[in-house]
Amino acid sequence: MKQASTFEVIAARCWNLLNEGKPFTPIFIVGTMLLFYVGELGEPSFWRAIGLSFLLILPILALYYHFDFPLMLRNYLWLPFVAYLIVWGDVNLSLLAFAMGLYFFFTIFFWGTFYYHLRIGTSWLNFTRFWKLVLKNSDSTSGNAQEQLPKFLLILSLWELFYSQFYNGITINYWPYALFLLGVGAFSWILHHNLFDWKPNMKETYTEPLEETAETSDKVVMIVIDGMRKERFQEANTPFLDKLRKHGTEYAQMETVYPARTVVCFSSMMTGTYPKEHGIKSNMVWNLGIKVESIFDSLRKIGKRGRLLGVAHLIDAMGDDVDAYTAVMDNESVDKGILENAKQIMEKEDLDFFNIQLISTDQTGHSRGVLYNEYIQKIEEADQLIEEFVSWMEQKGYMKNTTLLICADHGQADGIGGHGHLDEGERYVPFFLYGPQIEEGKVIDDKHSLISVAPTVAYLLGAPYPSHSRGSVLADAIKHGGKERKYEEESDRISASS
């Protein structure tokens with residue numbers, strides 16, 4: 001399997017500018033205005049008027065960048081637009097119709113059809129499904145029509161209003177607009193302060209050492225089935241993963257972090273802390289690199305090695321600790337290629353900790369939706385591929401004293417595989433451990449967070465916790481001194497033939 005090239009890493013960052021909703025809004029608005037007035041671009045008077053009027057809309061762009069307007073809060077975005085119509089009552093219907101046409105062309109045809117066909121091989125007719133996903137999408141991407149429409153209709157109307165006044169030499173009365181901005185700002189703050197109450201609470205203290213000691217694992221192999229929604233996993237026919245759950249310890253309420261974006265979730269899992277602390281707050285990473293220690297740094301302190309095999313944009317967070325594979329690959333074969341690549345890395349480097357990201361399930365959710373059979377099929381394919389991979393590790397002797405950790409980084413909501421704002425289906429993820437140090441047949445119903453991954457891996461491998469780790473070690477899953485080692489005594493290994 002090809003590694004991600006430097007071009008692909010840069011292209012992934014450029015795509016995230018359009019894929020993430022917050023940077024998309026100003027880019028789309030500026031692009032729409034320039035395309036709408038393409039015939040005026042050669043006139044100096046146009047640039048003077050469009051530039052001055054752009055300065056006036058910067059505060060509303062900043063407000064909408066700062067506030068998330070997640071899930072039901074996006075419905076309130078229509079109120080500022082209604083207020084605009086009441087106060088000014090002046091809209092350019094041609095401009096707004098042009099903007100809506102451009103938006104749906106971008107999301108449904110360019111993204112949902114052209115882009116996915118070239119990148120992962122979906123059908124040229126994918127738009128017949130994708131338009132439904134765009135209208136439902138609840139996440140923080142640009143494909144969230146319910147969020148983007150009221151935003152760009154308001155901002156384009158304001159920009160057009162001030163542009164025409166500057167262009168025609170009309171004196172602008174700034175006071176109504178200043179009051180309007182204050183009102184939108186206060187309205188946004190009140191909404192988020194009083195109604196945005198589903199964000200997981202941050203743990204205030206750092207990871208505490210365990211009083212009990214346990215024997216360490218030789219290796220921890222973590223397989224993340226990106227975007228695997230918990231209840232869809234439970235509906236799928238996954239005999240091998242079910243065996244691992246049965247013979248290991250399952251965390252029934254393992255909670256992802258907010259915002260539930262892939263780079264954010266992996267950064268939290270590998271550092272043991274929250275976006276506010278590790279600095280990765282969306283898939284669009286403005287300042288490259290996490291700001292705190294990761295599990296890879298902890299392992300280096302004791303002479304052990306860990307790697308993350310994942311998609312290109314994880315390099316933006318964890319740099320040289322990532323072996324990035326190309327994401328431009330047929331979705332029918334990408335996971336198989338990833339695990340073949342993982343075998344080569346394992347044989348070459350004999351890692352102590354290996355985190356492998358499978359992406360086919362997530363990509364299917366994004367391109368075809370999570371409530372369709374294709375999504376279930378990808379989960380079932382992942383089950384078969386993981387079984388084959390674990391069987392290979394056993395044959396090579398890599399499973400002798402190894403802990404397996406299987407999980408998802410986030411779930412997916414209805415729509416374009418939506419994840420980010422913790423809609424239904426995103427929040428709790430499949431999560432279970434299996435191995436000689438892991439308790440057998442336990443189900444932990446207490447709520448836990450994915451920030452427990454880094455300290456738990458550190459504990460199992462005898463490494464110090466990452467410096468800013470706040471997650472609790474998943475002690476309920478770990479056998480401690482004096483307890484029976486059933487794995488060794490009964491050779492109770494999970495294999496393809498068991």
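**Exercise 1. Is Leu309 buried or exposed?**

Work out the surroundings of this residue, keeping in mind that the model is predicted.

*Solution.* Start with the secondary structure: Leu309 sits in strand E3, which covers residues 306–311. Next, check the accessibility. Leu309 has a relative accessible area of 1%, so it is buried. Now look at who surrounds it. Setting aside neighbours within four places in sequence, the contacts of Leu309 include Asp323, Tyr325, Ile338 and Asn341. Phe354, Asn355, Ile356 and Gln357 are also among the contacts of Leu309. Finally, try a distance: from C-alpha to C-alpha, Leu309 and Leu153 are 41 Å apart in space, with their positions 156 residues apart in sequence.

**Exercise 2. Describe how H4 packs with H7 and with H8.**

*Solution.* Here's the approach: a pair of packed helices is described by the angle between the axes and the distance between them.

Take H7 (residues 145–167) to begin with. The axes of H4 and H7 are 8 Å apart, and the angle is about 30 degrees. Angles under 35 degrees count as roughly parallel, so H4 is roughly parallel to H7. The crossing of this pair is left-handed. On the H4 side, the contact uses Trp78, Pro80, Phe81 and Tyr84. On the H7 side, the residues include Leu149, Pro150, Leu153 and Ser157. Sorted by class, the contact between H4 and H7 holds ten nonpolar residues, one polar and no charged ones.

Now for H8 (residues 174–195). The axes of H4 and H8 come within 11 Å and cross at roughly 160 degrees. Since angles over 145 degrees count as roughly antiparallel, H4 is roughly antiparallel to H8. The crossing of H4 and H8 is right-handed. Leu79, Pro80, Ala83 and Tyr84 from H4 meet Phe180, Val184 and Phe187 from H8. By class, that contact has seven nonpolar residues, with no polar and no charged ones.

**Exercise 3. Which backbone features stand out in the loop between H3 and H4, and where is the cis peptide bond?**

*Solution.* Go to the loop between helix H3 (44–66) and helix H4 (78–87), where you'll find Phe69. Phi of Phe69 is near 50 degrees, which is positive in a residue other than glycine. Leu71 is found in the loop between H3 and H4 as well, and it has a positive phi of about 45 degrees, though it isn't a glycine.

Then check burial for both. Phe69 has a relative accessible area of 2%, so it is buried. Leu71 comes in at 14% relative accessibility, and therefore counts as buried too.

For the cis bond, head to the step from Tyr258 to Pro259: that peptide bond is cis, with omega near -5 degrees. Pro259 lies in the loop between strand E2 (249–255) and helix H11 (262–271).

**Exercise 4. What does the side chain of Thr25 reach, and at what distance?**

*Solution.* Place the residue before anything else: Thr25 lies in helix H2, residues 21–36. Its side chain reaches the backbone oxygen of Gly21 at 3.0 Å. Then look further along the chain. Not counting residues up to four places away in sequence, Thr25 touches Gln148, Lys151 and Ile155. To finish, apply the burial test: the relative accessible area of Thr25 is 5%, so Thr25 is buried.

How values were computed. Residues are numbered from 1 along each chain as its sequence is written. This is a predicted model: local features need pLDDT of at least 70, side-chain atom pairs count only at pLDDT 80 or more; totals for chains, interfaces and linings use all residues. Side-chain values use heavy atoms; hydrogens and water are left out. Helices (H or I, at least four residues) and strands (E, at least two) are DSSP runs, numbered from the N terminus. Buried means under 20% relative accessible area, exposed over 50%, partly exposed in between (1.4 Å probe, protein chains only). A polar contact is a pair of N or O atoms within 3.5 Å; within protein, one must be able to donate a hydrogen and the other to accept it, and residues adjacent in sequence count only if both atoms are side-chain atoms. Contact means heavy atoms within 4.5 Å. Axes are lines fitted to C-alpha atoms, for helices over the stretch in contact, and angles run from 0 to 180 degrees between N-to-C directions. Angles under 35 degrees count as roughly parallel, over 145 as roughly antiparallel, 65 to 115 as roughly perpendicular and the rest as oblique. A crossing is left-handed if the near helix is turned anticlockwise from the far one by less than a right angle, and right-handed if clockwise. Ala, Val, Leu, Ile, Met, Phe, Trp, Tyr, Cys and Pro count as nonpolar, Asp, Glu, Lys and Arg as charged, and the others, Gly among them, as polar.
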